[in-house]
Structures are given as structure tokens and as C-alpha cells.
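The exercises below ask you to work from the coordinates of one model to its charge pairs, its ligand contacts and its surface. Try each task on the structure before you read the solution.

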Amino acid sequence: MNRHVIVTGASRGIGHAIAELFIAEGDHVVALSRSGQGPAGAVWAAPVDVASSEQMNSVIKESIAKFGPVDVLVANAGITHDGLAMRMSDEQWRSVLSINLDGAFFSARAVLSSMIRNRQGSIIFISSISPFYGVPGQANYAASKAGLVGLARSLAREVAGRGVTVNVVAPGFVDTDMTSNLGSTTDEMTALIPMGRIGEVADIAGVVGFLASNHSRYLTGQVIAVDGGLSMGL
Ligand code: NAP
């Protein structure tokens with residue numbers, strides 16, 4: 001479709017699948033990550049630390065110079081650094097908040113003027129169902145992901161009249177590097193999921209693709225849980 005799409009955290013996992021989906025639709029996909037890796041077919045794969053506003057401003061500026069106004073931003077880069085709150089270090093707290101929440105804000109802020117000037121755009125934040133559930137050991141992660149909901153809704157109201165939509169996708173348990181070391185917890189989680197399986201990266205990418213498409217043009221400020229039914233009713 002020739003859209004200029006920027007995906008953070010596109011080197012692996014969910015972000016990689018999201019980038020691949022847009023590439024398959026014929027879009028110009030810019031893949032950002034710490035390592036600078038991205039899927040085949042990305043027009044540009046660049047290294048960036050999303051927690052640095054200077055780096056984000058600079059990479060987005062360069063992307064706009066290369067590929068024109070940004071049509072879609074998927075703020076997906078994220079980390080976990082779990083531990084019980086009582087023993088959580090300042091560094092554990094701050095690293096997760098700064099990558100997951102500051103990083104998403106810096107990414108969105110950097111594309112906003114381009115989208116507003118162009119009077120169109122779609123921003124999608126990748127949150128989690130962790131803040132709706134409350135997960136022991138994830139006070140930092142859940143706080144960062146809950147923050148994305150407030151960020152998205154405030155932003156959605158700020159830019160709704162300018163043709164820009166802002167939505168949140170909240171994945172459940174998805175099979176990626178992030179969840180690869182959970183061992184027997186995986187079976188316990190699977191037993192709780194109404195659809196009886198953990199998510200695949202393509203399950204999340206499909207919903208992101210819908211939120212970036214014309215089919216969802218009247219949808220903004222929403223949080224969509226993609227979790228096989230795990231969080232229904234919460
Ligand atoms: P993943 O496989 O661990 O991949 C994380 C991605 O984020 C990588 O591309 C990584 O880049 C990038 N990244 C991390 N820190 C960064 C930084 N400071 N600057 C730039 N890029 C950075 O994780 P995933 O499972 O695909 O998760 C993707 C998103 O979905 C995250 O926001 C996560 O919280 C969310 N989520 C995941 C699950 C799940 O079950 N997997 C559930 C709910 C929500 P490098 O490869 O260069 O390190």
C-alpha cells in the first residue's frame with residue numbers, strides 16, 4: 001500500500017511479525033531495535049534505543065527525510081525485568097519504565113507533527129493484559145503497560161480532530177523470547193486460556209494490521225486485548 005510504517009522492536013518476536021505483515025502489504029517499513037536487525041524487505045533497519053529521546057527524534061527525522069510523512073507507528077519495543085516489589089531495585093524499576101513507557105512516548109511524540117500536518121495517521125501502542133490482571137513480580141512491567149493506556153487515551157483526544165487515531169493492543173501470553181524461560185508456568189497459563197493455547201506472533205500482528213487499516217477508521221482511544229479470551233470481563 002506504500003505507507004510509511006515505523007515499527008519499534010522489529011528485530012524479533014511480535015514486532016518482527018508486525019513488520020512482516022506490513023511488508024507483505026507492500027508498505028515501506030522502517031524496522032527499529034537496539035540491534036538494528038529487521039525482517040527482509042524492510043526499507044530501512046536502524047539501531048536505536050527507544051529510551052533516548054535524542055536518538056528517537058533523530059531516527060524519525062531521518063526516516064521522514066527518506067520516506068516522507070509517517071502513516072503508521074507501532075510502538076512495540078519492550079522488556080521485562082521481573083522481581084517481587086519488596087526486592088525490586090531502582091534500576092529494575094527505572095529500566096522497564098524508561099524503555100516501555102518513556103520509549104513509547106518518545107516514539108509517538110517524534111511522529112506526531114508529521115501525522116498532524118498530513119492530517120492522517122495511526123499510532124498503535126503494544127501494551128499487555130498484565131496491568132488488568134495484576135501479575136506478582138511485574139509491578140514495574142504492569143505499571144509501564146498501564147501507563148500506555150493513559151498515554152494513548154490522552155493522545156487520542158488531542159489528535160482525533162486531525163485525522164490521527166491512537167489505540168492500544170494488549171496481548172496475552174505470546175510465544176516469543178520474552179516468554180521462553182517460563183518453563184512449567186506455560187502449562188499453567190495455557191490451562192487458564194479459554195481458547196486453550198498461547199498466542200502466536202501472527203495473532204497480534206493481524207489485529208495491529210486491522211488497527212492501521214481503513215476498516216478501523218472510526219476507532220480511537222481503544223484497548224483491544226488479544227489473549228484467547230484470558231482477560232475477558234476484566
Ligand atoms: P522480544 O521477543 O523480547 O522482543 C523485544 C523487542 O524489543 C526486540 O526487537 C528488542 O530489540 C526491542 N527492544 C528492547 N529494548 C529496546 C530498546 N531500548 N530500544 C529499542 N528496541 C528495544 O519481545 P516480544 O515478546 O516480541 O514483545 C514485544 C512487545 O509485546 C513488548 O512491548 C512486550 O512487552 C509486549 N508483550 C509481549 C507479550 C508476550 O507474551 N510475549 C505479552 C504481552 C505484551 P533487540 O532485538 O535489538 O534487543
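**Exercise 1.** Asp-177 and Arg-12 belong to a predicted model; determine how accessible the side-chain partners Arg-12 and Asp-177 are, and which parts of the chain they connect.

*Solution.* Begin with accessibility: Asp-177 is partly exposed because its relative accessible area is 48%, a value between the limits of 20% and 50%. Arg-12 likewise counts as partly exposed, at 45% relative accessibility. Next, examine the pair itself, whose side chains meet in a salt bridge with an N to O distance of 2.9 Å. Finally, place the partners: Arg-12 lies in the loop between strand 1 and helix 1, whereas Asp-177 lies in the loop between strand 6 (164-171) and helix 6 (185-192), so the salt bridge ties together parts that are 165 residues apart in sequence.

**Exercise 2.** Is the pair formed by Arg-3 and Asp-27 made of buried or exposed residues, and where in the chain do its partners lie?

*Solution.* The closest N and O atoms of Arg-3 and Asp-27 are 2.8 Å apart, and the two residues form a salt bridge. This pair links distant parts of the chain, with Arg-3 in the segment before strand 1 (4-8) and Asp-27 in the loop between helix 1 (13-24) and strand 2 (28-33), 24 residues apart. Arg-3 is buried, with a relative accessible area of 10%, and Asp-27 is buried as well, at 4%.

**Exercise 3.** Describe the salt bridge between Lys-66 and Glu-62, and then identify the network that shared partners create.

*Solution.* The closest N and O atoms of Lys-66 and Glu-62 are 3.7 Å apart. Both residues belong to helix 2 (residues 53-67), and because they are four residues apart there, about one helical turn separates them. Lys-66 is partly exposed at 45% relative accessible area, and Glu-62 is partly exposed at 38%. Elsewhere, salt bridges with shared partners join Arg-3, Glu-25 and Asp-27 into one network.

**Exercise 4.** Which polar atoms of Gly-9, Arg-34 and Val-174 approach oxygen atoms of the ligand?

*Solution.* Gly-9 contributes a polar backbone atom at 3.2 Å from a ligand oxygen, and Val-174 contributes a polar backbone atom at 2.8 Å from a ligand oxygen. Arg-34 instead uses a polar side-chain atom, 2.9 Å from an oxygen of the ligand. The protein covers 95% of the 900 Å² of accessible area that the ligand has on its own.

**Exercise 5.** Locate Leu-234 and the surface patch to which it contributes.

*Solution.* Leu-234 lies in the segment after strand 7 (223-226), and it counts as exposed because its relative accessibility is 63%. Together with Phe-132, Tyr-133 and Val-135, Leu-234 makes a nonpolar surface patch of about 370 Å².

Key. Residues numbered from 1 in each chain as written. Predicted model: local features only at pLDDT ≥ 70, side-chain atom pairs only at ≥ 80, totals over all residues. Heavy atoms only, no water. Patch = residues over 30% accessible without salt bridge, like charges linked within 9 Å, V, L, I, M, F, W, Y side chains within 5 Å. Areas by Shrake-Rupley, 256 points an atom, 1.4 Å probe, with all protein chains shown as cover. Salt bridge = Lys/Arg side-chain N within 4 Å of Asp/Glu carboxyl O. Helix = DSSP H or I, 4+ residues; strand = E, 2+ residues; numbered from the N terminus. Buried < 20%, exposed > 50% of the residue type's maximum accessible area, 1.4 Å probe, protein only. Polar contact = N/O pair within 3.5 Å; in protein donor to acceptor, adjacent residues only side chain to side chain.
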